[in-house]
Structures are given as structure tokens and as C-alpha cells.
Amino acid sequence: MSNSIYPWQESSWQQLQLLRQRMPHAILFHGAAGIGKSDFIERFAQGLLCEAVLPDGHACGQCASCGWFSQQNHPDYRRVRPEALEDEPAEGEEGDGEAKKTAKSTKAPSKEIKIEQIRNLADFMNISTHRQGLRVVVLYPAEALNMPASNALLKTLEEPPPGTVFLLASNSLDRLLPTILSRCRKFALPMPSHAEALAWLKTQGVPDADSWLREQGGAPLAAMAQAEVGNRDDLEVLLQLLAHPSVEGALKVADKLQKVPLSAQVSWLQRWLYDVFSYKLAGNIRYYPRYQKELASLAGKIHVSRLLAAIKGANERRATADHPLSPKLFLEDMLLEYAACCA
């Protein structure tokens, strides 16, 4: 793993080094999805374990510890994340994709962090460290902890083993137990400015970078991931309906998109509604400037009270999008409600 961090994280990295003098037993890094939180905390973990850490807090990349870390077999390091992310890049905590399924298994990998994964840390934390240094546990996304796993982690955080540091990352603090929040030192990782994120995407050779960045809410890693896939087909199907709402269209789109991750579709709707609201109040469009004509038309005829109700409804749906009883019915209900709001 490279010692470099993303350009928008430099200030945060410098602030983080101030904590090393009196290291908390648990730090919870939080911020928007797609900005590089998991990469950031894993680089910090490597720095904590490095035997010849550089003055700026980065790992040296040359010592035995760094060698073990880069090979993902450091004896004093554990990473805990959902099974569904195990075959994905580190920043996969920000996405909605599933891990690749093996030919032998048809069971979808779990998107939760389970109690067994927390219990499996017991032996790791009860033996002495390899070279009398720190023991580091990285866990993300923290909101993937199911309730039994959350309770098991809470017990560990209440009585942390000596010499052990927990580094957690979360996209949504409001989805974590207040008791877990209270036992962690919270550390915010900010969203980069649009200009900063756009400049970085261009250095990565991302085509049409501005559009991808806007559509992903300003999150550069999410924008790059979507650009690599290069497929806007599902998004366009939904946006066409949102631009020209109808009951018949809602039913057809729900049928067509029922296998597309619901959390992504709710996010697309939330961004669309934000653009309508923003245009109505200030004439600004953040996410979908290529739909300016349609957004302006909707903003001109929809009443503010209806728009606020639609935004509230979309926000509430986001909490249940990962566990619907029926994806098709979930979509039908969401899109019919939107069509009625615009009628």
C-alpha cells in the first residue's frame, strides 16, 4: 500500500497526528461516502504499526512491519468488514456492489458485520503483541454492525485491552448505537471542494469528470468507480421518469429497475429532489445540470409543502432500502408517491 493519501486529506492527516501523543483506544472516522475514509484509516493503521515511522506520521514502507502490512498478514493487525466487501477494493465500503460469488456458492455474501467476527477478535486481543508495539483493529463500515455484533463490540470498547487501538469508519453516525458513539473519539473527514475533487479526477484520466462528480454528490472515489463502470443506463431510466412523472411510467420503471440496488435509487431520487428544491429557492442545480430544463419546469409548478414532504419521504425510505420485503413494491410505492407529488 502506498503511503500517499488523497490531496483533500492532507489537513486531516496533520490534525490526526496530534492524537498520537495520547492515543485514544477508539477513533471513529466519519464523513460522506466515497471520499476515501477506509483508505485513510488503513494508512493510519500502517503508520501506527510501523517500526520507523516518518516525521509526518506516514509509515516508512521499508521495515518488517510495513512488509507484513502490505502483504496483509501483519500479526498485530485485524480488519473487520462485511463478507460482501471482502472481494472489493478497500474503498468498497462506500459502494452498493456485492462481492463476486464463487462458482460453488449461490448464497449472497452478507452485508452485515456479525457477532462471530467480533468474537473472533478475542484471541487476537488476549495474546501479547508481536514486537511489544500496538495492536490495531480496523472496522468499517461501522453501520454494518448488526445488533448482536454492536453489543459485543460495545463490551470490548467499555473495557479495552491494553495496547489496542480501534479505528472505525462510518458514513452515517445516526445509524450507530449512542453507546458506541460515546466510547469513541470522533474524527470528521470532510468532503473535498468540487474544484479539488475535479482536479484529482482529471489527473486520474476520468472522462466527463464533472458530470460523474456531480451525480455522485461530489464524492471523488464514488465518481471514479462509476466512471470506470461507464454505465448510466439505470440512472437515465429513473431520471427520465423523474423528469416526466406519470403513474404508468412509475409502474414500468419499478418493474425494470427492481434488481438495481434500492439504496442507490433512493439516493438518485434524493439528489433530484434536492435539485428541484434548490432551483425553486435559488435557481441553482448541483447534481443534474443536464436536466436543467426539466428541473426548472418542475420547480415552477410544485408547491413547497409538497416538495418538502417528498424530501422527507425519500429520507425515511433510505433507512429501509437495504432490507425491503419486496424491491418491486418498494420502488412502486416510492415512484407513485413522487408522481402524485408532482401532479
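Reader: How many bridges join strand β1 to strand β4, and how do the two strands run?

Author: The model shown above is a predicted one. In it, strand β1 (residues 26-30) and strand β4 (residues 164-170) run parallel and are joined by five bridges. One partnership can be followed by eye: L28 is matched in β4 by L168.

Reader: Which strands make up the sheet, and in what order do they lie?

Author: A sheet is read by passing from each strand to its partner. Here the open sheet has five strands, and the order is β2-β3-β4-β1-β5 with parallel pairing. Strands β2 (77-80) and β5 (185-188) are the edge strands, since each of them pairs on one side only. From one strand to the next, the twist averages 20°.

Reader: Which helices lie across the sheet strands, and at what angles do they run?

Author: Two helices may be examined here. Helix α1 (residues 10-17) lies across β1 and β5, and its direction makes about 155° with β5. Helix α6 (residues 147-158) lies across β1, β3 (135-139) and β4, running at about 140° to β4.

Reader: Where is H30, and with which residues is H30 in contact?

Author: H30 belongs to strand β1. When neighbours within four places in sequence are left aside, the contacts of H30 are K37, S170, L173, K186, F187, A188 and L189. Separation can be expressed along the sequence or through space: H30 and L331 are 301 residues apart in sequence, and their C-alpha atoms are 29 Å apart in space.

Reader: What should one expect of backbone angles and peptide bonds in general?

Author: Most peptide bonds are trans, and most residues other than glycine have a negative phi. Two places in this model may be set beside that rule. The peptide bond from Y140 to P141 is cis, with omega near -15°, and P141 sits in the loop between β3 and α6. Q72, a residue other than glycine, has a positive phi, near 60°. Q72 is placed in the loop between α3 (64-70) and β2.

Reader: How is the packing of two helices described, for example that of α8 with α10?

Author: One gives the angle, the distance between the axes, the handedness and the residues that meet. Helix α8 (residues 194-203) and helix α10 (residues 220-229) pack at about 35°, and their axes are 10 Å apart. Their crossing is right-handed. A197, W200 and L201 of α8 make the contact with P220, L221, A223 and M224 of α10. The residues in this contact of α8 with α10 comprise seven nonpolar, no polar and no charged.

Reader: Why are α11 and α13 called oblique to each other?

Author: The name follows from the angle. Helix α11 (residues 233-243) and helix α13 (residues 262-282) pack at about 40°, with axes 11 Å apart. Angles from 35 to 65 degrees fall outside the parallel and perpendicular ranges, and α11 and α13 are therefore oblique to each other. The crossing in which α11 passes α13 is right-handed. From α11, the residues D234, L235, L238, L239, L242 and A243 meet Q265, W268, L269 and W272 of α13. By class, this contact of α11 with α13 has eight nonpolar residues, one polar and one charged.

Reader: Is the pair α13 and α15 roughly parallel or roughly antiparallel, and why?

Author: Helix α15 (residues 304-318) packs with α13 at an angle of about 155°, and the axes are 10 Å apart. Angles over 145 degrees count as roughly antiparallel, so α13 and α15 are roughly antiparallel to each other. Here α13 passes α15 in a left-handed crossing. Residues of α13 in the contact include V266, L269, L273 and F277, while those of α15 include L307, L308, I311 and R318. The residues of the contact of α13 with α15 divide into 11 nonpolar, four polar and three charged.

Reader: Which residues does the UniProt domain annotation cover?

Author: An annotation comes from a record and may then be set beside the model. The unreviewed UniProt entry annotates residues 244-337 as "domain: DNA polymerase III delta subunit C-terminal". Over residues 244-337 the chain is 71% helix and 0% strand, with the end C-alpha atoms 14 Å apart.

Technical notes:
Residues are numbered from 1 along each chain as its sequence is written. This is a predicted model: local features need pLDDT of at least 70, side-chain atom pairs count only at pLDDT 80 or more; totals for chains, interfaces and linings use all residues. Side-chain values use heavy atoms; hydrogens and water are left out. Axes are lines fitted to C-alpha atoms, for helices over the stretch in contact, and angles run from 0 to 180 degrees between N-to-C directions. Helices (H or I, at least four residues) and strands (E, at least two) are DSSP runs, numbered from the N terminus. Angles under 35 degrees count as roughly parallel, over 145 as roughly antiparallel, 65 to 115 as roughly perpendicular and the rest as oblique. A crossing is left-handed if the near helix is turned anticlockwise from the far one by less than a right angle, and right-handed if clockwise. Contact means heavy atoms within 4.5 Å. Ala, Val, Leu, Ile, Met, Phe, Trp, Tyr, Cys and Pro count as nonpolar, Asp, Glu, Lys and Arg as charged, and the others, Gly among them, as polar. UniProt positions are given in the numbering used here, feature names are shortened, and annotations may be inferred rather than shown by experiment. Two strands pair if DSSP finds at least two bridges between them.
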